[in-house]
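Okay, thanks everyone, I'll keep this short. Have a look at the sequence and the model on the screen, and then we'll walk through the sheets and the ligand.

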Amino acid sequence: MEYQSILLDFHEGILTVTVNRESKMNALNLEVIAELTQVMRDIRKDEHTRAVILTGAGHKAFVAGADIAEFAAFDSEEGEAMSRDGHALMNLIESSPKPVLAAVNGYALGGGCELAMACHLRIASTNAHFGQPEVNLGLIPGYGGTQRLVQLAGKSRALEMLMTGEMIDAGEALKLGLVNKISEPEELLNDARALLSKIMKKAPLAIAKVIDCVNAFYDNKRDGFEVEIRHFGASFDTQDFKEGSRAFLEKRKARFTGK
Ligand code: COA
């Protein structure tokens, strides 16, 4: 499929998806949301893609938010529709059975911070800044920021960031647990690939189950302990479990197939 606002690069099982609107700080317009949604749907069915990196074009911005110029004249109905589409994308990323890592190469503001937070892992370059500045516009976050920031940073710091609209730098984001690691800008993508490569050596179905169990913790409609029990049990019927346990006993490396 042809995309207008994102770039795709596939290498050794990892699909790197770059939001490509550098002159607009990679702001998320409706087209980017639709294209990212399509990609995230496609990778579920694509057996070659084992993991995803999300990043932004250029050296300044990961994504500097939803596109203010595009929504400036929206009414409440359009605003709610925009928010629902954004939520659908963020939920698709968060529930992806394949790990998704945000390589945050600069400003991650508003929808950009929300996009990064929907990913399973985040690595920030030293020049990254995170923030939810929507209150400066008379708005609130609309892509899950009021919920996921609390999950990642805790209620006090989340409320402070959400109510002041102030940015924090990469070091502060690391202290808050908002990011897993900080990298030099030129090492960011290498470090992202190295972290995903470690995960890709493990059993893919087990990775998908771990993601689902952890997501269940934050889903008040599901009992995470019960989800774990069921996924644990189901693991015993996989070929990868048989291979993993046999490989251990035979003192060799397991060769997982994702079956
Ligand atoms: N939506 C639409 N356009 C955006 C944008 C956004 N969220 N963020 C940046 N841009 C555009 C600017 O309007 C400017 O376009 P122009 O060259 O046509 O005037 C271009 O990107 C460059 O941005 P600029 O503000 O000149 O760069 P800067 O280095 O001075 O500042 C930021 C960078 C990220 C701090 C600043 O652009 C900013 O605060 N952006 C908005 C962040 C925001 O409020 N996000 C939440 C939206 S809900």
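Let me start with a quick one: which residue in β6 is the bridge partner of V63? It's A108. Before I go on, remember that this is a predicted model.

So, that pair belongs to the join between β4 and β6, two strands that run parallel and are linked by 2 bridges. Zoom out a bit, and you get an open sheet of 4 strands, in the order β4-β6-β8-β9, with mixed pairing. At the edges sit β4, residues 61-63, and β9, residues 168-169, each pairing on one side only. As a general reminder, strands of a sheet pair through backbone hydrogen bonds, either parallel or antiparallel.

Now, what lies across this sheet? Helix α4, residues 111-118, lies across β4, β6 and β8. Its angle to β4 is about 75°.

On to the other sheet. This one is open too, with 6 strands in the order β1-β2-β3-β5-β7-β10, and again the pairing is mixed. The edge strands here are β1, at 6-11, and β10, at 181-183; each of them pairs on one side only. From one strand to the next, the twist averages 20°.

Stay at the β10 end for a second. β7, residues 121-125, pairs with β10 in the parallel sense, over 3 bridges. If you want a spot to click on, A124 stands opposite I182 in β10. And there's a helix here as well: α8, residues 188-200, lies across β2, β3, β5, β7 and β10. Relative to β7, α8 runs at about 160°.

Right, the ligand. There are 16 residues around the ligand, and the ones that come nearest are K24, K60, A64, A66 and I68. By type, the shell divides into 10 nonpolar, 2 polar and 4 charged residues. Two elements, α2 (68-71) and β6 (107-109), each supply at least two residues of that shell, so to speak tying us back to β6, where we began with A108.

Let's look at individual atoms. In the side chain of K60, an N or O atom is 2.7 Å from an oxygen atom of the ligand. With A64 it's the backbone: a polar backbone atom there is 3.0 Å from a ligand nitrogen. A66 also uses a polar backbone atom, at 2.9 Å from a nitrogen atom of the ligand. And how much of the ligand gets covered? On its own the ligand exposes 860 Å², and the protein buries 61% of that.

That's me done, thanks.

Technical notes
Residues numbered from 1 in each chain as written. Predicted model: local features only at pLDDT ≥ 70, side-chain atom pairs only at ≥ 80, totals over all residues. Heavy atoms only, no water. Near = heavy atom within 4 Å. Polar contact = N/O pair within 3.5 Å; in protein donor to acceptor, adjacent residues only side chain to side chain. Areas by Shrake-Rupley, 256 points an atom, 1.4 Å probe, with all protein chains shown as cover. Nonpolar A, V, L, I, M, F, W, Y, C, P; charged D, E, K, R; others polar. Pairing = 2+ DSSP bridges. Contact = heavy atoms within 4.5 Å. Axes fitted to C-alpha atoms, helices over the stretch in contact; angles between N-to-C directions.
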